[in-house]
Amino acid sequence: MGASLAGRALERGAWSLETVPIREFGEGRHRLVDDTPAGGSPGMVLRADVLARAIDHASPPGDERPRILLSPRGEPLRQPLVRELSAGPGVVLVCGRFEGVDERVIERRSLREVSIGDVVLSGGEIAALVLLDAVVRLLPGVMGNASSGETESFESDLLEHPHYTRPAVWEGLAIPPVLTSGDHGAVERWRRAEAERLTRERRPDLWERASRRR
Ligand code: SAH
């Protein structure tokens, strides 16, 4: 995230990131952070006491930033949450490892569980980067007007229409004539129809939601 638009915004101070290594709050000389699962099963679990110390360091009482645990069990990450976070005071992201974290720390530190998709990653760090990238690009001045477009995928529960650019003909394929007609109304209608077609075909779940709203 130090590269490109997010990177330049980072240099300008439009956003910042502090990482807190959980091991610094580990137990004993070896700074242990995990232990075997109660009830028995393979793998290791992040200890509640260790993780709580790290969380309390990153986010002391009174901190108004929401605390999110990246977790495959969480609510799916969606654009409305991304918008909410980008308008808020920041966010504290907790990254799991191994089999996951002791359930009690989720409860006691009010961690909101968020998933980036129905896949299992080896750790929460990459999931945290996914969330951060989505939030940072919406911060004022980071993307210029590119992110203000209300036609972007998910902003209206529709997938975005297809894009074309020069050359006008490529490998025998022409740009749809309506896009070069100069008729802005016709362009808008074509884009809308394409967005609806793609959403119906690819994401019946989104289409259902969009239909209910109409
Ligand atoms: N045993 C767990 C998976 C643990 S994966 C289970 O079956 O649910 C280890 C860590 O990676 C998790 O604690 C979480 O922080 C992160 N992680 C894995 N998949 C993720 C996903 N889809 N979204 C967000 N975080 C994820």
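**Exercise 1. Which elements are included in what covers the buried residues of α2?**

The model treated here is predicted, so that local features need pLDDT of at least 70 and side-chain atom pairs count only at pLDDT 80 or more, while totals for chains, interfaces and linings use all residues. Residues are numbered from 1 along each chain as its sequence is written, and side-chain values use heavy atoms, with hydrogens and water left out.

Solution. Begin with the terms: helices (H or I, at least four residues) and strands (E, at least two) are DSSP runs numbered from the N terminus, and a residue is buried under 20% relative accessible area, exposed over 50% and partly exposed in between (1.4 Å probe, protein chains only). In helix α2, residues 48-58, the buried residues are Ala48, Val50, Leu51, Ala52, Ala54 and Ile55. Contact means heavy atoms within 4.5 Å, and the cover of these buried residues includes β2 (45-46), β3, β4 (92-95) and α4 (103-108).

**Exercise 2. Compare the expected span of helix α6 with the distance between its end C-alpha atoms, then describe its cap and its buried residues.**

Solution. The expected span of a helix is 1.5 Å times one less than its number of residues. Because α6 (residues 184-202) has 19 residues, it should span 27 Å, and this agrees with its end C-alpha atoms, which are 27 Å apart. At the N-terminal end, aspartate 183 acts as the cap of α6, with a side-chain oxygen 3.2 Å from the backbone nitrogen of glycine 185. The buried residues of α6 are Ala186, Val187, Trp190, Glu194, Ala195, Glu196, Leu198 and Thr199, and their cover includes α7 (204-213).

**Exercise 3. Describe the surroundings of the ligand, from polar atom pairs to the make-up of the shell.**

Solution. First take the atom pairs, for which a polar contact is a pair of N or O atoms within 3.5 Å; within protein, one must be able to donate a hydrogen and the other to accept it, and residues adjacent in sequence count only if both atoms are side-chain atoms. A ligand nitrogen lies 3.2 Å from a polar backbone atom of serine 71, a ligand oxygen lies 3.5 Å from a polar backbone atom of glycine 123, and a ligand oxygen is 3.4 Å from a backbone N or O atom of glycine 124. Next consider the area: the ligand taken alone exposes 560 Å², of which the protein buries 84% (Shrake-Rupley method, 1.4 Å probe).

Then turn to the elements, where β3 (67-76), β5 (112-115) and α5 (124-136) each give two or more residues to the shell, and β3 gives the most, with three residues. In total, 19 residues surround the ligand, each with a heavy atom within 4 Å of it, and the closest are Leu70, Gly96, Glu99, Gly117 and Val119. The shell finally divides into nine nonpolar, eight polar and two charged residues, where Ala, Val, Leu, Ile, Met, Phe, Trp, Tyr, Cys and Pro count as nonpolar, Asp, Glu, Lys and Arg as charged, and the others, Gly among them, as polar.

**Exercise 4. Place arginine 23 and arginine 31 in the chain and describe their exposure and local geometry.**

Solution. Arginine 23 is in the loop between α1 (4-12) and β1 (34-35), and arginine 31 is found in the loop between α1 and β1. Arginine 23 counts as partly exposed because its relative accessibility is 47%, and arginine 31 is partly exposed with a relative accessible area of 40%. Leaving aside neighbours within four places in sequence, arginine 23 is in contact with His30, Arg31, Leu32 and Val33. Its side chain reaches the backbone oxygen of histidine 30 at 3.3 Å, and the C-alpha atoms of arginine 23 and valine 33, ten residues apart in sequence, are 6.1 Å apart in space. Arginine 31 has a positive phi, near 55°, although it is not a glycine.

**Exercise 5. Locate the backbone features and a polar contact in the loop between α5 and β6.**

Solution. Most residues other than glycine have a negative phi, and most peptide bonds are trans. Aspartate 157, placed in this loop, has a positive phi of about 60° and is buried, with a relative accessible area of 7%. Proline 167 also lies in the loop between α5 and β6, and a cis peptide bond, with omega about 0°, joins arginine 166 to proline 167. Glutamate 152 belongs to the loop between α5 and β6 (169-170), counts as buried at 17% relative accessibility, and makes a side-chain polar contact with the side chain of arginine 137 at 2.9 Å.
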